[in-house]
Amino acid sequence: MPTTGRQTAAPERADVVVVGAGPAGSAAAWTLATAGLDVVVLEKALFPREKVCGDGLTPRGVKQLDEMGIDTSPAAGWVRHKGLRVFGGGQVVEVDWPTLGNWPGYSLVCQRRDLDAMLARHAAAAGARVHHEVTVTEPLLDDAGRVAGVRAQAGPGKESAEWRAPLVISAEGLSGRLAKSLGLVRRTDRPLGVAVRRYIATPRTHDDYLDISFDLSADGPDADSMPGYGWSFGMGDGTANVGFGLLDTRRSDGDHREVFRRWLTTLPPEWQLDEQHAVTPVRGAGLPMALNRGPAYTRGLLLAGDAAGTVNPFNGEGISYAMETGRTAAETAVAALARPVGPAREEVLRRYPERLREEYGAHHRLGTVFLALLARPDLVRFATTHGLKRPALVRGALRLMGNLSDGRRGDGVDRALAVLHRLAPAV
């Protein structure tokens, strides 16, 4: 056991410990607290804090906020967008979010420093005990090797502390320290993306559409292109979140940033998306995709959000899936703790990875195929040049990439998507 030279205080106890207060952790904590459980959230940062992200919430994310009882109206300060404006192959097309029964018809933007702090407050208001500036260092294991809590360094002085609970949910993000300590490492056969972004003062801060560009150079995709896309999301406050997401992680961080800067030089000067109008540095972060760490449950530890690698390979969307899997992990914990200790409880917990695979596996498999095609600049150029001329095809692609469907009881597009998902083996 590591020592710090300080005496460890008596351990605190809870029904569930949640590590991380991002969207996954706060959604999990809110779900647990509203179910009447005693939940402790341990967050290493002091909110509000910076977080590299595109700041966009698709209709999937909006639905999670709505179900958690968060007011997402413009009157509450939220900025709405009604669809995407897609640039590719010299074509530009605007496509609205679909009108579906299962999903809202709009997206939202909100800086992560504001969103994460709001979600943590929402969890606390439901009864969760949220602690900031607590760095979890390792799991506590019982004699059987099962997770029975966590050790941490707490407060500005980093005093040693322990929290004990029969279940722990890791919402730590890409680092996944607890998962790694139990041998759950990232699968190298699954994609890992990279995103870089900065905030830029621009007259395009107010817009009904989110900009997505597959033309990352003046001449479009070529043999030297990195597979990915650029974005510009108007934040409604005089700035836009402007970034670049890509698949190829073999290049250096400097390469990623250089591709980003070159892309910005291809944009119209009147947009002012240049170095002169930048208000933050370029920052980058990893995008763990396609359930690339698992199993998502082992020995009393459940993984949610980026800790489980739940980012959508089609579009790099992570916030929605973080909240969804955080709530699913919490629902699993509630059901498990209602069972007696032993095989009955373990049966519920071991079902959690299968629930994720059933919900996301086929879609992620299709997404990995999409990423493989994105790595072919000739196919990207052909698809955007010709595909963007066909509005119905673009609308269908948006529903596929955004994982937005009413299922087999929906329209023809929904039925076609259901067939695709049935044909695709789950990752």
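Here a biologist and a modeller talk through the domain interface and one sheet of a predicted model.

Modeller: Before we start, residues are numbered from 1 along each chain as its sequence is written, and side-chain values use heavy atoms, without hydrogens or water. As the model is predicted, local features need pLDDT of at least 70 and side-chain atom pairs pLDDT 80 or more, while totals for chains, interfaces and linings use all residues.

Biologist: Thanks! Which domains is the protein divided into?

Modeller: Domain 1 takes in 12-71 + 112-187 + 289-364, and domain 2 is 371-423. These bounds come from an automatic or database domain assignment. The two centres, taken over C-alpha atoms, are 31 Å apart.

Biologist: How many residues of each domain are in contact?

Modeller: Contact means heavy atoms within 4.5 Å. By that rule, eleven residues of domain 1 are in contact with seven residues of domain 2.

Biologist: What area do domain 1 and domain 2 bury between them?

Modeller: About 800 Å², with 62% of it on carbon and sulfur atoms. Buried area is the accessible area (1.4 Å probe) that two parts lose on being put together, summed over both. On the domain 1 side, Arg-60, Phe-314 and His-363 supply 54% of the area buried against domain 2, more than any other three residues.

Biologist: How many salt bridges cross the interface of domain 1 and domain 2?

Modeller: A salt bridge needs a side-chain nitrogen of Lys or Arg within 4 Å of a carboxyl oxygen of Asp or Glu. The rule finds zero of them across this interface.

Biologist: Now the sheet. What makes S11 and S12 a strand pair?

Modeller: Strands are DSSP runs (E, at least two residues), numbered from the N terminus, and two strands pair if DSSP finds at least two bridges between them. Strand S11 (residues 147-154) and S12 have six bridges, in the antiparallel sense, so they satisfy that rule. Among the partners, Val-150 is bridged to Trp-163 in S12, and Ala-154 stands opposite Glu-159 in S12. Four residues lie between S11 and S12 in their hairpin, and Gly-155 in the turn has a positive phi of about 80°.

Biologist: Why do S1 and S12 count as a pair?

Modeller: Strand S1 (residues 12-13) and strand S12 (residues 159-164) share two bridges, in the parallel sense, so the pair meets the minimum. Arg-13 stands opposite Arg-164 in S12.

Biologist: Why is the pairing in the open sheet called mixed?

Modeller: The order of its four strands is S1-S12-S11-S10; S1 with S12 is parallel, whereas S11 with S12 is antiparallel. S1 and strand S10 (134-141) are the edge strands, each pairing on one side only.
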